[in-house]
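Me: Please take one part of this model and look at it closely, then follow it outwards into its surroundings. I would like a connected account, with the criteria behind each term.

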Amino acid sequence: MNPIATPMSTPQTSEEQSNERAIRTLYTLAEGKTKDTPKFVSMFGDGGYFYDVSAGKKYYGAEIGKTGDNYGAAFPDIHRELYSVYTKNDVVVVELSLNGTHKGDLDLPEGVVPPTNKEMHAPCCDVFHLKDGKIISFHCYVAVPVLLKQLGIFKNLGAAIRK
């Protein structure tokens with residue numbers, strides 16, 4: 001589903017409405033078909049950062065686009081389905097899923113996952129703080145265990161679990 005077409009929360013102020021529009025634009029810039037990393041990065045304010053919580057890494061400046069480029073290369077058809085968008089003052093919280101087919105290498109902190117040609121529909125929650133229309137922080141919480149299971153990577157997990 002197109003992120004722009006999903007139902008919106010009911011922002012109370014014009015600033016909240018503007019912040020929500022900015023986040024929806026950011027998602028559009030990260031979609032497989034319309035990906036534009038320089039514009040994505042330009043939406044962050046001075047000192048702003050992207051925190052990939054599952055990888056335990058924060059990205060600043062031009063590196064902010066690194067995770068999006070990684071997922072875009074691994075899932076060329078990547079798209080996001082936004083389920084809920086909540087705005088309160090300078091904070092926007094989005095419940096969504098990352099969707100796509102694994103056609104390229106996926107770089108993870110533990111190493112590279114070669115293409116599996118399997119689909120992912122990974123639950124995710126993103127928390128944004130904005131100031132003057134620019135993103136100051138973006139914390140991305142992807143359900144990586146779900147993603148890896150969908151890609152068939154947890155096949156030997158049963159050996160590690162006691163029943």
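Reply:
**The aromatic cluster and the sheet around it**

Tyr 27, Phe 50, Tyr 59, Phe 128 and Phe 138 come together as one aromatic cluster, where the rings of Phe, Tyr and Trp (its six-membered ring) pair if their centres lie within 6.5 Å, with planes under 30 degrees apart called stacked, over 60 edge-to-face and the rest tilted. The model is predicted, so that local features need pLDDT of at least 70 and side-chain atom pairs count only at pLDDT 80 or more, whereas totals for chains, interfaces and linings use all residues. Residues are numbered from 1 along each chain as its sequence is written, and side-chain values rest on heavy atoms, with hydrogens and water left out.

By the ring rule there are seven aromatic pairs. One of them is Phe 50 with Phe 138, whose centres are 4.6 Å apart and whose planes meet at 70°, so this pair is edge-to-face. The two rings join distant parts of the chain, since Phe 50 belongs to strand E1 and Phe 138 to strand E8, 88 residues apart; helices (H or I, at least four residues) and strands (E, at least two) are DSSP runs numbered from the N terminus. Phe 50 and Phe 138 are both buried, that is, under 20% relative accessible area, with exposed meaning over 50% and partly exposed in between (1.4 Å probe, protein chains only).

Strands E1 and E8 are neighbours in an open sheet of six strands, ordered E2-E1-E8-E7-E4-E3 with mixed pairing, strands being paired if DSSP finds at least two bridges between them. Strand E2 (57-60) and strand E3 (79-88) stand at the edges with a single partner strand each, so one side of each has no neighbour in the sheet. Ignoring direction, neighbouring strands are turned by 20° against each other on average, with axes fitted to C-alpha atoms (for helices over the stretch in contact) and angles running from 0 to 180 degrees between N-to-C directions. Helix H1 (residues 14-29) packs on this sheet and touches strand E1 (44-52), E3, E4, strand E7 (119-131) and strand E8 (134-142), while its direction makes about 165° with that of E3.

Beside Phe 138 in sequence is His 139, which also lies in strand E8. With a relative accessibility of 18%, His 139 counts as buried. Apart from neighbours within four places in sequence, His 139 is in contact (heavy atoms within 4.5 Å) with Tyr 49, Tyr 51, Val 53, Cys 125, Asp 126 and Val 127. Two of these residues carry a further feature: Lys 58 lies over the face of Tyr 49, 4.6 Å from the ring centre, and Lys 58 also lies over the face of Tyr 51, at 5.5 Å. A charge is said to sit over a ring if NZ of Lys or CZ of Arg is within 6 Å of the ring centre and within 35 degrees of the ring normal.

At the E3 edge of the sheet, E3 and strand E4 (residues 91-101) pair in the antiparallel sense over nine bridges. His 79 has Asn 99 in E4 as its bridge partner, and Arg 80 stands opposite Leu 98 in E4. These two strands form a hairpin with two residues between them, and Asn 89 in the turn has a positive phi of about 55°. Most residues other than glycine have a negative phi. Asn 89 is partly exposed, with a relative accessible area of 48%. A comparable case is Asp 132, again not a glycine and again with a positive phi of about 55°, placed in the loop between E7 and E8. Asp 132 is exposed, with a relative accessible area of 72%.

Several strands of the sheet also border helix H3 (residues 66-74), whose buried residues are Thr 67, Asn 70, Tyr 71, Gly 72 and Ala 74. Among the elements covering them are E1, E2, E4, strand E5 (106-108), E7 and helix H4 (144-150). In strand E5 is Leu 108, partly exposed at 22% relative accessibility. Leu 108 and Asn 70 are 38 residues apart in sequence and 9.1 Å apart in space, C-alpha to C-alpha. Not counting residues up to four places away, Leu 108 touches Val 113 and Leu 148.

For the wider setting, the chain holds five helices and eight strands, which run α-α-β-β-α-β-β-β-β-β-β-α-α from the N terminus on. Of its 163 residues, 42% are buried. Among contacts with a separation of 6 or more, 54% join residues 24 or more positions apart.
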